Amino acid sequence: MPQGQQDARAPEVPAPLSVSRVTLRYQTEKGLVTAVEDVSFTIGRGERLALLGPSGCGKSSLLRAVGGFLKPASGAILLNGAPVKGPGPDRMVVFQEFDQLLPWRTVSGNVEFALRRARGLSAAAARSVARDWIGRVGLARFADAFPHTLSGGMKQRVAIARAFAVQPAILLMDEPFAALDALSRRRMQDELLALCEETGATTLFVTHAIDEAVHVGTRVLVLSAHPGRVAAEYPVSGEAARRGTAAFAALEAEIQSRIFGSEPLSSDAEADHVLEHA
Ligand code: ADP
Ligand code: MG
């Protein structure tokens with residue numbers, strides 16, 4: 001099946017994720033805060049939707065709602081056609097923070113724990129699957145290490161291995177590389193992409209960096225600033241999916257201008273186009 005397309009042979013199968021007219025609000029001391037308003041999108045099987053928008057536009061809130069941690073004020077979230085009622089092992093989340101691993105378990109222990117809980121594997125089976133995934137993210141030598149002995153990038157690799165190992169209906173990633181240095185970030189983006197393509201994982205990937213959205217996503221959904229609303233949507237196909245091509249730069253520039261208006265693009269192709277001030 002081509003990247004980013006639903007399986008035309010099975011039109012009756014509901015999309016892995018359908019978000020329909022969702023509004024999210026928080027009750028605060030100063031009253032109700034609307035995080036996102038009337039947001040709709042679907043993610044087809046094997047698609048990677050990059051949810052792109054400025055800081056504070058509600059990306060994490062949307063991800064939390066899909067994760068089942070935040071109940072929409074209105075609208076519906078369907079996972080394989082069924083309403084999301086709470087968290088579940090069919091959704092695995094990778095966060096930005098480096099402290100998402102259980103500190104008292106080893107690298108392998110962290111992945112095994114998730115496998116036993118989410119997939120009900122025996123200890124031996126969980127160990128075998130965990131070792132396989134730890135190897136696939138390049139950490140075979142660190143399987144018995146504890147998280148505090150790892151670099152930030154290595155911890156993120158463990159979190160990614162754990163998420164893939166469980167084989168959820170959808171992977172939810174909330175700026176997983178935002179706290180990494182630029183070189184590590186590039187490498188991790190490429191590694192993630194390779195794993196996604198190899199496994200066909202359906203993914204919701206949140207980011208505030210345009211180049212990362214275009215690189216990782218098969219589709220980019222742009223949210224406007226607070227409160228977040230859908231501002232634009234771009235398919236990423238063919239040449240545009242490959243960093244360094246003219247088509248990639250053109251799409252990046254188009255999204256940039258969609259968000260910043262007529263401000264000139266940086267001539268530095270390596271620059272991250274951060275939307276913090278959009
Ligand atoms: P993003 O991930 O795009 O930076 P968030 O989803 O974190 O945005 O936040 C969206 C809006 O909701 C912001 O205005 C933020 O202040 C508000 N918000 C987020 N979490 C909470 C919370 N727990 N309580 C109150 N307001 C919140
Ligand atoms: Mg966020």
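Here is a short chat between a student and a tutor about the predicted model shown above.

Student: Before we dig in, what kind of model is this, and from what number are residues counted along each chain?

Tutor: It's a predicted model, where local features need pLDDT of at least 70 and side-chain atom pairs count only at pLDDT 80 or more, while totals for chains, interfaces and linings use all residues. Chains are lettered from A and ligands numbered from 1 in the order in which they are written, and residues along each chain, as its sequence is written, are numbered from 1.

Student: How many helices and strands does the chain have?

Tutor: We go by DSSP runs, numbered from the N terminus: helices are H or I runs of at least four residues, and strands are E runs of at least two. On that basis the chain comes to seven helices and 10 strands.

Student: What share of the chain's residues count as buried?

Tutor: Place C-beta atoms from the backbone and look within 10 Å of each one: 20 or more others make a residue buried, 12 or fewer make it exposed, and in between it is partly exposed. The chain has 278 residues, and the buried share is 40%.

Student: Let's try α5. How far does it reach from its first C-alpha to its last?

Tutor: Helix α5 spans residues 182-199, which is 18 residues. The expected span is 1.5 Å times one less than the number of residues. That expectation is 26 Å, and the helix comes close to it, reaching 26 Å.

Student: Which residues of α5 are buried, and how wide an arc do they cover?

Tutor: The buried ones are R185, Q189, L192 and C196. They sit on the same side of α5 because their arc, taken from the directions from the helix axis to the C-beta atoms, is only 70 degrees. An α-helix has 3.6 residues a turn, so residues three or four places apart point the same way. So the names are R185, Q189, L192 and C196, and the arc is 70 degrees.

Student: Which exposed residues are on the face turned away from that buried side?

Tutor: The buried residues of α5 pack against β3 (48-52), α4 (152-165), β8 (203-207) and α6 (210-216). The face turned away from them carries the exposed L183, A194 and E198.

Student: Which helix gives the largest share of the shell around ligand 1?

Tutor: There are 13 residues around ligand 1, each with its C-beta atom within 6 Å of it; the closest are Y26, A35, K59, S60 and S61. β1 (17-28), β2 (31-43) and α1 (59-67) each supply at least two of the shell. The largest share, three residues, comes from α1.

Student: Is E175 buried or exposed?

Tutor: E175 lies in the loop between β7 (170-174) and α5, and its phi is near 50 degrees, a positive value in a residue other than glycine. It has 20 C-beta neighbours inside 10 Å, so E175 counts as buried.

Student: Where is the cis peptide bond that leads to P227?

Tutor: P227 is in the loop between β9 (219-223) and β10 (230-235). The bond has omega near -10 degrees, and it runs from H226 to P227.

Student: What is P168 in contact with, leaving aside neighbours within four places in sequence?

Tutor: P168 lies in the loop between α4 and β7 and is buried, with 22 other C-beta atoms within 10 Å. Counting a contact as C-beta atoms within 7 Å, its partners are P89, D90, R91, M92 and A163.

How values were computed:
Two residues are in contact if their C-beta atoms, placed from the backbone, lie within 7 Å.
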